[in-house]
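Visitor: Before we discuss this model, please show me its sequence and structure, and explain each term when it comes up.

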Amino acid sequence: MNSQDQIPGLEQEKIDSLSADILRPVRINKSFLLWITFLFLALIICLYVYSIQLRKGLGVTGLRDITSWGMYIANFVFFVASSLVGMLISCVLGLIGFRWVTPIARIAEIVAVAFAAVAGLVIISDMGRPDRLPYVFLYGRVQSPILWDVTVVTTYFVLSLLLWFLPMIPDIAVARTRLQNRPSLLVKVYGILSFKWVHHPEQYKILNQAVKILIILIIPTALAIHTVTSWLFAVTPRAGWDSTIFGPYFVSGAFVSGTSALLIAMYFFRTNFRLQSYITDYHFERVARLLFLVSVVYLYFNLNEFLVPAYKMKKFDAFHIHELFAGHYAFAFWLVQLGGLVIPIFLLIFRFMRKPLPLLVISIFMFTASWLKRYLIVVPPQGHPYLPVQYVPQEWMVYKPTLIESTITLATFILVLIIITLLSKFFPVVPIVETAREESDQEAKSHEKH
Amino acid sequence: MKKILSSLLLFQILAGLLIAQEWTVPADKKGRLSPFPFSDSIRKAGLQLYSLNCMSCHGTPGKGNFQALVPPPGDPATDKIQHNADGELFYKVSEGRGQMPSFKNTLASKDIWTIVSYIRSFNPAYVQSVMPEITSGAYSGAVIALSLLLNPSRDSVMLKASAIRGNSVVPVTGAGVKLFVRRTFGLLPLDEEKTTNDQGMAFFPVPSDLPGDTAGKIQVSARFTDEDQFGPVSKDTLLQVGLKIEPVSLVKDRAMWNVVRKAPWWIILTYSLGVLVVWGFILLVLLKLRDIYIIGEHIDSVGAKKNES
């Protein structure tokens, strides 16, 4: 064993046993190859479909004059929302001092990085002329929330990537010495990415400073990213978007979709990577409580968002609310509100529902409902434009996503899965050094008690 | 639900009754004819006027794409509208009924006839009869003229109507006259209708707060109320009676809606500072990464030297 592997203040055996468990899934095996081939094949099919849109323009989608923001923008909002979980888990909870987040913090960051990275691409899918993307930067108006959004999404992605990568450097150094039998390219990458990490106390000190800066920096950025996304809607006078609480409404909704995404990812990594002794029932219980909390907050904002305009029933608000409550979108709306929020909140009260498997089911419901919710935020308010539009065919009045649109949207999810797969198959998903430190701290504490 | 249906039905019946009720034009207005023949250039001008004033409800003639209103406005190319006499069309456009607005103050009679000429262009069977020259009444054979003069005190406009026959000019007395100010979307009547006095004159007071152009000029238009008797004589002129209005450019100063070069300072500063601060810290983090690398490299080289010795 290399002498560089000596970590000050930690027993060698602990590192050995931890890295044996955590680094075991970091390998290229048959099932991984099968899975990633499947993903790439699916992606290629979707890219072919995208090439149709690129050739023929946005006319191949259901987007028309009246509803010009459809599934793509709903998907974008959803992706931005889901990426917010990284900030919630590793920053807010970490900064407050909850130690239990350590083993799942990196999973949260992987989810954040994947969704934030693809969020930008989702926007490009909504562009008829994606070659004009540089114009946003060349001719962008500093007064426009679109420019703010592009800025914060990019910044948040970079911050999330750094926050995933920086705390992992010691682990990469551990992997570098222990995974010499892996493909030489991967070992080389470990060599570069470990930044000459030798577990020197000074290096730890600097790294902790850097991570602390990131943790503090990412909180306002994450709040900005989703508040600005909500402003894309709320700065218009359109009934259904014209709301002063859209910022916190979006942020609290983001925590719901992000936390449920995290729970799904936790369940998957725990069973497939056999990490049951690191991601325990206790962690699921904790995250379930968090999910309960953010869902109740979100329910509160929902109540505000609908009760106040529904009480006044101003002409255009009334159209919108009627469409949601009893009209064209009623089924989806109540499915989202009840199946994706009220019933899960009720179920989460019970202890046995906070076990991994029931949580997986609840999370899948909430995650799906979160996507549908974004669709209901984006699409229905456009159905009643203030200005009457004349002489348009009936099919222009009602938005219906086309197969092409849905396939391209599917592609963005495939991309997210590819990113999550690559990040988790080539790098440890549970922090090794931090977990070791955590465990030895606890052991020291229990020694003191005895 | 039943209630809604029955009330809808009732509404339909009432609307149907309204449609069924003939829109009768007074007999003396029915036979009214255009004072000028409908030429191609007139029809072209008619298309312009039709697009501005009529199309939003009646749609493009011949296409049947009129608005779904109750009663339906109808397509001007259809028999339902074409079976009207010229005078009837003129009257209906001038007076309006129900949802159909009156255009007598918005459009000059010349303009209404121009629209009639455009509508008639969709009727291949139509043959126009032009109004014979006005020879009747007290001023037969005379050319009727209107003139406008601004009072020196600028608080009123004097209108003078005269009949010119050869060398003799006589005042047109006892005739109803109107004065309009031309605004962006039509004609604004100035005061009430007046009757010319025995010198052929009528006086229209001008309010002191009428907005004019940059020089304070206002375009006014005078005409007879009874065009049947005097013909479509009108007098348009520019008068210096309005307030001088300098149009304010909304994109002159820094504003949220302006181009990025003219964005408000506070937003440029907030945005730039925010980006600079956050990315400054990101740079700082990257520099710390560099420090980590330098320390590692140093320890590596020290270790290597030790191994050598």
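Guide: A salt bridge is counted where a side-chain nitrogen of Lys or Arg lies within 4 Å of a carboxyl oxygen of Asp or Glu. By this rule the count over all chains comes to 19 salt bridges. The model is predicted: local features need pLDDT of at least 70 and side-chain atom pairs pLDDT 80 or more, whereas totals for chains, interfaces and linings use all residues. Residues are numbered from 1 along each chain as written, chains are lettered from A and ligands numbered from 1 in the order written, and side-chain values use heavy atoms, without hydrogens or water.

Visitor: What makes Asp171(A) and Arg106(A) a salt bridge?

Guide: The N to O distance between the side chains of Asp171(A) and Arg106(A) is 2.9 Å, and this value is within the cut-off, so the pair is a salt bridge. The pair links distant parts of the chain, since Asp171(A) belongs to helix H8 (residues 169-178) of chain A and Arg106(A) to helix H5 (residues 102-125) of chain A, 65 residues apart. Such helices are DSSP runs of H or I with at least four residues, strands being E runs of at least two, numbered from the N terminus.

Visitor: Why is Arg270(A) called buried, and what is Asp281(A), its partner in a salt bridge?

Guide: The closest N and O atoms of Arg270(A) and Asp281(A) are 3.3 Å apart, and this pair, too, links distant parts of the chain, with Arg270(A) in helix H11 and Asp281(A) in helix H12 of chain A, 11 residues apart. Buried means under 20% relative accessible area, exposed over 50% and partly exposed in between (1.4 Å probe, protein chains only). The relative accessible area of Arg270(A) is 12%, so Arg270(A) is buried, whereas Asp281(A), at 34%, falls between the two limits and therefore counts as partly exposed.

Visitor: How do you know whether Asp86(B) and Arg120(B) are buried or exposed?

Guide: Their relative accessible areas are 7% for Asp86(B) and 5% for Arg120(B), so both are buried. The side chains of Asp86(B) and Arg120(B) also meet in a salt bridge with an N to O distance of 2.9 Å, which joins helix H6 (residues 86-95) of chain B to helix H7 (residues 109-120) of chain B across 34 residues of sequence.

Visitor: What salt bridge is found between chain B and chain A, and how much area is buried there?

Guide: The rule finds one salt bridge across this interface, formed by Lys196(A) and Asp300(B), whose closest N and O atoms are 3.8 Å apart; that value is still within the cut-off, so the pair qualifies. The area buried between the two chains, meaning the accessible area (1.4 Å probe) that two parts lose on being put together, summed over both, is about 2800 Å², with 76% given by carbon and sulfur atoms. The contact, defined by heavy atoms within 4.5 Å, takes 34 residues from chain B and 32 from chain A.

Visitor: What makes S4(B) and S5(B) a pair of strands?

Guide: Two strands pair if DSSP finds at least two bridges between them, and S4 (residues 176-183) of chain B has four bridges to S5 (residues 186-189) of chain B, in the antiparallel sense, so the condition is met. Arg183(B) stands opposite Gly186(B) in S5(B), and the two strands form a hairpin with two residues between them. S4(B) also pairs in the antiparallel sense with S8 (residues 218-224) of chain B over five bridges, where Val181(B) has Val220(B) as its bridge partner. With S6 (residues 194-195) of chain B, the antiparallel pairing of S4(B) has two bridges, and there Val177(B) stands opposite Lys194(B).

Visitor: Why is His199(A) called buried, and Arg274(A) exposed?

Guide: His199(A) has 2% relative accessibility and therefore counts as buried, while Arg274(A), at 54%, is over the upper limit and so is exposed. His199(A) is placed in the loop between helix H9 (184-193) and helix H10 (201-234) of chain A, Arg274(A) in the loop between helix H11 (246-272) and helix H12 (281-312) of chain A. Neither is a glycine, yet phi is positive in each: about 60° for His199(A) and near 50° for Arg274(A).
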